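Here is a walk through one protein chain, from its far end back to the overall picture. Have the sequence and the model open side by side as you read.

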Amino acid sequence: MSKPKAVFIFLCMYVFVVSMMDHYYTIKLDHYILIEERNPVGLYLINLDGGSVALFMTIKMISLWGIGGVLYILYRRKRSYAWAGVISLSIVQTLLLYYFFLSPII
């Protein structure tokens, strides 16, 4: 396996692992979600599901798998776009980790 491909796979795994942490803490701390959630779409889905995080987490998981599929297709067809996507996602996930470590709830 080439070095660039290994780095790409590592970054994809990083995005997935941080997302899994986000899912875990959202489910674990679901009683705080209506107070702490900043995503208006997330809040809408939680309210739509009667205050449960189930619908929100399901749609986030489906989206995560969709993103993984898009990154895979892009890597095979247009690597520069795939790299831009995975680097952008990695930066956003790093900011999410930063938020996790600064949050007084976790």
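## Starting at Thr 94

Let's begin with Thr 94, which lies in helix 5. This is a predicted model, so keep that in mind throughout. Is Thr 94 buried, exposed or partly exposed? Its relative accessibility comes out at 40%, and since buried needs under 20% and exposed needs over 50%, Thr 94 counts as partly exposed. Along the chain, Thr 94 and Val 15 are 79 residues apart, yet 8.7 Å is what separates their C-alpha atoms.

Ser 90 also belongs to helix 5. With 8% relative accessibility, Ser 90 falls in the buried class. Setting aside neighbours within four places in sequence, the contacts of Ser 90 are Leu 11, Tyr 14 and Val 15.

## The overall picture

Stepping back, the protein has five helices and zero strands, so to read the elements from the N terminus on is to read α-α-α-α-α. The C-alpha trace spans about 45 × 30 × 20 Å along its principal axes. Of the 106 residues, 29% are buried. Take the contacts between residues at least 6 apart in sequence: 63% of them join residues at least 24 apart.

How confident is the predictor? The mean pLDDT is 91, and 96% of the residues reach 70 or more. Element by element, helix 4 (residues 54-77) has the highest mean, 96, while helix 2 (residues 33-36) has the lowest, 78.

## Helix 1

Helix 1 covers residues 3-28, which is 26 residues. At 1.5 Å a residue it should span 38 Å, and its end C-alpha atoms sit 37 Å apart, so expectation and model agree.

Which residues of helix 1 are buried? They are Phe 8, Leu 11, Cys 12, Val 15, Phe 16, Val 18, Ser 19, Asp 22, His 23 and Thr 26. These buried residues pack against helix 2, helix 4 and helix 5.

Ser 19 is worth a stop of its own. This residue of helix 1 has 8% relative accessibility and therefore counts as buried. Not counting residues up to four places away in sequence, Ser 19 touches Leu 64 and Gln 93.

## Helix 3

Helix 3 runs over residues 40-48, and its buried residues are Gly 42, Leu 45 and Ile 46. Why do they end up on the same side of helix 3? Because they cover an arc of only 100° around the axis. The spacing fits the usual pattern: an α-helix has 3.6 residues a turn, so residues three or four places apart point the same way. On the other side of helix 3, the exposed residues are Pro 40, Val 41, Tyr 44, Asn 47 and Leu 48.

The buried residues of helix 3 pack against helix 2 and helix 4. As for the ends, a side-chain oxygen of Asn 39 comes to within 2.9 Å of the backbone nitrogen of Val 41 at the start of helix 3. After helix 3 comes Gly 50, with a positive phi near 70°.

## Helix 4

Helix 4 gets the same length check. Its 24 residues should span 34 Å at 1.5 Å a residue, and the end C-alpha atoms are 35 Å apart, which agrees.

Phe 56, Met 57, Leu 64, Gly 68, Leu 71 and Tyr 75 are the buried residues here. Their cover includes helix 1, helix 3 and helix 5.

## Two nonpolar cores

Which residues make up the largest nonpolar core? There are seven: Phe 8, Leu 11, Cys 12, Leu 71, Tyr 75, Ala 82 and Val 86. Helix 1, helix 4 and helix 5 are the elements that give two or more residues to this core. Helix 1 supplies the largest share, three residues.

A second core of six residues is separate from that one and includes Ile 33, Leu 45, Ile 46 and Met 57.

Back in the largest core, have a look at Val 86. Leaving out neighbours within four places in sequence, Val 86 is in contact with Phe 8, Leu 11, Cys 12 and Leu 71.

Conventions. Residues are numbered from 1 along each chain as its sequence is written. This is a predicted model: local features need pLDDT of at least 70, side-chain atom pairs count only at pLDDT 80 or more; totals for chains, interfaces and linings use all residues. Side-chain values use heavy atoms; hydrogens and water are left out. pLDDT is the predictor's confidence in each residue, from 0 to 100. Helices (H or I, at least four residues) and strands (E, at least two) are DSSP runs, numbered from the N terminus. The expected span of a helix is 1.5 Å times one less than its number of residues. Buried means under 20% relative accessible area, exposed over 50%, partly exposed in between (1.4 Å probe, protein chains only). Contact means heavy atoms within 4.5 Å. The arc is that of the directions from the helix axis to the C-beta atoms. A polar contact is a pair of N or O atoms within 3.5 Å; within protein, one must be able to donate a hydrogen and the other to accept it, and residues adjacent in sequence count only if both atoms are side-chain atoms. A nonpolar core is a set of buried Ala, Val, Leu, Ile, Met, Phe, Trp, Tyr and Cys residues joined through side-chain atoms within 4.5 Å.
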